[in-house]
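Biologist: Could you walk me through this structure slowly? I am still learning how to read these things.
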Amino acid sequence: MLLFNSFLFCGFICMISQIILDNSKLTPGHITSILVVLGAFLDSFSIYDEIIKTVGGGALLPITSFGHSLIHGALAKAESMGMIGILMGMFDLTATGISAAIIFSFLFTLIFKPKN
Amino acid sequence: MKNTKYEKIADKHKASEDRVKNSIVAFLCGGFIGLLGEGIIEFLCTYFHLSRNESSTFMIVIFIFIASLCTALGFFDKLVTKFKCGLLIPITGFAHSMTSSSMDYKREGPIYGIGSNMFKLAGSVILYGVVSAWLFGMIRYLIGGLG
């Protein structure tokens, strides 16, 4: 069931953004930024957590989950540290994704030659 | 006069058809990626006995690895022109933007080429993500609805 939900949810977000991309002048950069803000907004009242529970892995893949993990880590740290915890815990959960992206793209850039 | 009118109508028709096709393709491709992600999580859970949190982290790293590798090998751009948002909206798009911008500026050297251009496109995602997460986090904290 989670597999089917993942298919529907991830596909739905991609379809919505494709429709926005085709029918307006926004670039993919605009749309990904909007989706990140949307993910952060949805998680500020724990709606995105419920989505992840019902959808599973499909909700972790779209870029909305990036905004969700930013604010999720921030709020988790804020619970124990107070207001400064929002700054301390910001990258707690997204650190793996960002570090992996930096390291892999640097290594592959060094190894492979650009084609054109 | 007739020709321009005809072209206008033809353009309109073609564009609308393309839009429907594009959105369906994006839906199927995005859905396939979501399916694959959940499949990888369940595979790691059952065969490597990892917890769900650990396996979802591994899943994201696997996707970033594949997307960076495909971008560096040069055929991810062709896939993106075909599937568009189906590949740009999942985390693959994030990895793709970083690798492609650093590949494009590789010849300008390690500092002013790779270093300063790597976050050219991904930087906006991180910037607006952090700013909005901070703002919403402060609102949530000040309202006092933690827990």
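Modeller: Let us begin with a term we will need later: a crossing of two helices is called left-handed if the near helix is turned anticlockwise from the far one by less than a right angle, and right-handed if clockwise. Please also keep in mind that this is a predicted model.

Biologist: Okay, how many helices and strands does chain A have?
Modeller: Chain A has six helices and zero strands, and from the N terminus on its elements therefore read α-α-α-α-α-α, where helices and strands are taken as DSSP runs.

Biologist: And what box do its C-alpha atoms fill?
Modeller: Taken along the principal axes, the C-alpha atoms of chain A fill a box of roughly 50 × 35 × 35 Å. Of its 116 residues, 51% count as buried, and among the contacts in chain A with a separation of 6 or more, 59% are made by residues 24 or more positions apart.

Biologist: You brought up crossings, so how do α1(A) and α2(A) pack?
Modeller: The two helices α1(A) and α2(A) pack at an angle of about 140°, with their axes 10 Å apart, which makes α1(A) oblique to α2(A). In the terms we started with, α1(A) passes α2(A) in a right-handed crossing.

Biologist: Which residues meet there?
Modeller: From α1(A) come A:S17, A:I20 and A:L21, and they meet A:P28, A:I31 and A:L35 of α2(A). Sorted by class, this contact of α1(A) with α2(A) has five nonpolar residues, one polar residue and no charged ones.

Biologist: What about α2(A) and α4(A), what angle do they pack at?
Modeller: For α2(A) and α4(A) the angle is about 45° and the axes are 6 Å apart, so α2(A) is oblique to α4(A). Here, too, the crossing is right-handed, with α2(A) passing α4(A).

Biologist: Which residues do the meeting in that pair?
Modeller: Among them are A:L35, A:V36, A:G39 and A:D43 in α2(A), and on the side of α4(A) the residues include A:T64, A:F66, A:G67 and A:I71. By class, the contact of α2(A) with α4(A) has nine nonpolar, six polar and one charged residues.

Biologist: Staying with α4(A), how many residues does it have, and how far does it reach?
Modeller: The helix α4(A) has 18 residues and reaches 26 Å from its first C-alpha to its last, which is close to the 26 Å expected at 1.5 Å a residue. Of those 18 residues, 13 are buried, so α4(A) is largely enclosed by the rest of the structure. The residue that follows α4(A) is A:G82, whose phi is positive, near 90°.

Biologist: Which residues that are not glycine have a positive phi?
Modeller: Two that I can point to are A:S46, with a positive phi of about 60°, and B:H49, with a phi near 55°. Most residues other than glycine have a negative phi.

Biologist: Where does each of them lie?
Modeller: You will find A:S46 in the loop between α2 and α3 of chain A, while B:H49 lies in the loop between α1 and α2 of chain B.

Biologist: Are they buried or exposed?
Modeller: A:S46 is partly exposed, because 13 other C-beta atoms lie within 10 Å of its own. B:H49 has 9 C-beta neighbours inside 10 Å, so B:H49 counts as exposed.

Biologist: Switching to A:P62, where is it, and is it buried or exposed?
Modeller: A:P62 lies in the loop between α3 and α4 of chain A. It is buried, because 28 other C-beta atoms lie within 10 Å, and a residue is called buried at 20 or more.

Biologist: What is A:P62 in contact with?
Modeller: Leaving aside its neighbours within four places in sequence, A:P62 is in contact with A:C10, A:I13 and A:L35, and also with B:I89 and B:P90 of chain B. The C-alpha atoms of A:P62 and A:T32 are separated by 9.3 Å, and these two residues are 30 residues apart along the chain.

Biologist: Since chain B came up, how many residues does each chain give to the contact?
Modeller: The contact takes 56 residues from chain A and 64 residues from chain B. On the side of chain A, the elements that give two or more residues are α1, α2, α4 and α6, and the largest share, 16 residues, comes from α1(A). The residues on that side of chain A divide into 37 nonpolar, 16 polar and three charged.

Technical notes
Residues numbered from 1 in each chain as written. Chains lettered and ligands numbered in written order. Predicted model: local features only at pLDDT ≥ 70, side-chain atom pairs only at ≥ 80, totals over all residues. Contact = placed C-beta atoms within 7 Å. Helix = DSSP H or I, 4+ residues; strand = E, 2+ residues; numbered from the N terminus. Nonpolar A, V, L, I, M, F, W, Y, C, P; charged D, E, K, R; others polar. Buried ≥ 20, exposed ≤ 12 C-beta atoms within 10 Å, placed from the backbone. Expected span 1.5 Å × (residues − 1). Axes fitted to C-alpha atoms, helices over the stretch in contact; angles between N-to-C directions. Parallel < 35°, antiparallel > 145°, perpendicular 65-115°, else oblique.
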